[in-house]
Every structure is written in C-alpha cells, then in structure tokens.
Amino acid sequence: MKISWQRIFFFSILVIAGTLLVTLTINNFAEQQTYRGVALAEISKLLPPETKELGTLIINKYREYRSNTVRWCALYFGCLFGSAFLSAMAALFLKLEILNEQPKLRNDISASLATLAALLITLSSIGDFQRKWGANRVAASAMENLAYELLRPSAASNRDSILT
C-alpha cells in the first residue's frame with residue numbers, strides 16, 4: 001500500500017491547523033484569567049488618589065506577567081510532554097504488526113517521531129522555558145506584593161522607597 005503525497009499533505013495541514021488551534025486556545029486562556037488577581041482588582045478601588053495611577057500600572061503589569069507565565073508554562077510543559085508522547089508513539093509504530101508489510105514506512109514514521117521528540121526537548125532546553133516560566137511567576141508575585149504595599153497609609157509619602 002503506497003501512501004500518496006496528497007494524504008501526507010492533508011495530514012501535514014491537519015497537524016499545522018491543530019497546532020494553531022492549541023496555540024490560540026492557550027493565548028486566549030492566558031488573556032482571560034478571571035480567577036487570577038481578583039483581590040488586585042478590588043485594591044485599585046481602595047488606593048488613595050495620589051497612588052492610584054501607579055497602582056493601575058502595577059496591576060496591569062501583574063496581569064501581563066501572569067499571562068506570560070501561562071504562555072511559558074504551556075511552552076515548557078508542551079515540549080516536555082510532547083517529547084514524551086512522540087517518543088512513545090515512535091516505539092509504538094516500531095511494534096505495530098499492521099505495518100509489517102511496509103517496514104520502510106514503519107521505520108520512517110518512527111524515526112520522524114523520535115526526531116521530533118528530540119527537537120522538542122532540545123528547543124525547551126535551549127529556549128530555557130522553565131526559567132522564563134519561573135521568572136514570570138516571581139515577577140507577578142512581586143507586582144502583587146507591590147500593589148499591597150500601596151495600601152499602606154504611608155505609601156503616598158514613601159512612594160520612592162516602595163519603588164526601590
């Protein structure tokens with residue numbers, strides 16, 4: 001059984017469309033985290049007028065860092081679990097009895113899956129996704145703490161000391 005180039009092209013388009021769909025879903029999820037920072041939304045109402053502008057800036061930065069955290073987390077764990085999945089699929093294709101009549105196809109599919117698995121883990125390591133994910137979590141936490149500092153009665157007079 002020979003696989004036509006049309007089927008390979010169709011499957012490739014399907015994989016690309018699936019990847020785009022997952023990417024858009026993650027990005028949408030990152031932008032609309034209604035359960036994150038609920039207290040910070042209320043803090044902006046409680047801030048004194050002289051620190052309200054700074055408070056709004058801090059809360060916006062918090063949301064940006066939280067969104068970036070979700071994206072880096074998805075990239076890091078997507079590469080990690082994607083690599084494990086592709087490696088398992090490569091082993092499965094080598095073992096499938098259905099493809100006994102076509103050992104070249106079976107070997108090509110397995111080699112391609114193993115190569116993609118290696119590329120994903122390499123991308124994750126070289127891109128340092130885990131560190132970037134952690135850095136954005138720390139930055140979001142720092143912005144949250146800074147917003148709480150602005151609630152102190154002395155925040156208006158000690159604005160410079162809060163920012164340093």
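How many helices and how many strands does the protein have? The predicted model has six helices and zero strands.

**View 1. Overall fold of the predicted model.** Along the sequence, the elements follow the pattern α-α-α-α-α-α. Of the 164 residues in the protein, 25% are buried. The exposed surface amounts to about 11300 Å², and carbon and sulfur atoms supply 66% of that area. Among contacts with a separation of 6 or more, 75% join residues 24 or more positions apart.

**View 2. The largest nonpolar core, with twelve residues.** Its members are Leu40, Ile43, Leu47, Leu54, Ile58, Ile59, Tyr62, Ala140, Met143, Leu146, Ala147 and Leu150. Helix H2 (38–46), helix H3 (49–95) and helix H5 (129–149) each give two or more residues to this core. In soluble globular proteins, nonpolar side chains tend to be buried together.

**View 3. Surroundings of Ile58, one of the residues of the largest nonpolar core.** When neighbours within four places in sequence are left aside, Ile58 is in contact with Met143, Leu146, Ala147 and Leu150. These four partners also belong to the largest nonpolar core.

**View 4. The largest pocket, holding about 1300 Å³ of space.** The lining consists of 28 residues, and Phe11, Val15, Thr19, Leu86 and Leu116 lie nearest the centre of the pocket. Helix H1 (5–31), H3 and helix H4 (103–127) each supply at least two lining residues. H1 provides the largest share, twelve residues.

**View 5. Residue classes in the lining of the largest pocket.** The lining comprises 17 nonpolar, eight polar and three charged residues.

Terms used:
Residues are numbered from 1 along each chain as its sequence is written. This is a predicted model: local features need pLDDT of at least 70, side-chain atom pairs count only at pLDDT 80 or more; totals for chains, interfaces and linings use all residues. Side-chain values use heavy atoms; hydrogens and water are left out. Helices (H or I, at least four residues) and strands (E, at least two) are DSSP runs, numbered from the N terminus. Buried means under 20% relative accessible area, exposed over 50%, partly exposed in between (1.4 Å probe, protein chains only). Contact means heavy atoms within 4.5 Å. Accessible areas come from the Shrake-Rupley method with a 1.4 Å probe; for residues, only the protein chains shown count as cover. A nonpolar core is a set of buried Ala, Val, Leu, Ile, Met, Phe, Trp, Tyr and Cys residues joined through side-chain atoms within 4.5 Å. On a 1 Å grid over the protein atoms alone, a cavity is a set of points where a 1.4 Å probe fits but cannot get out, and a pocket is an open set with protein on both sides within 12 Å along at least five of seven lines; lining residues have an atom within 4 Å of a point. Grid points are joined across faces, edges and corners, and a volume is the space filled by probe spheres set on the points. Ala, Val, Leu, Ile, Met, Phe, Trp, Tyr, Cys and Pro count as nonpolar, Asp, Glu, Lys and Arg as charged, and the others, Gly among them, as polar.
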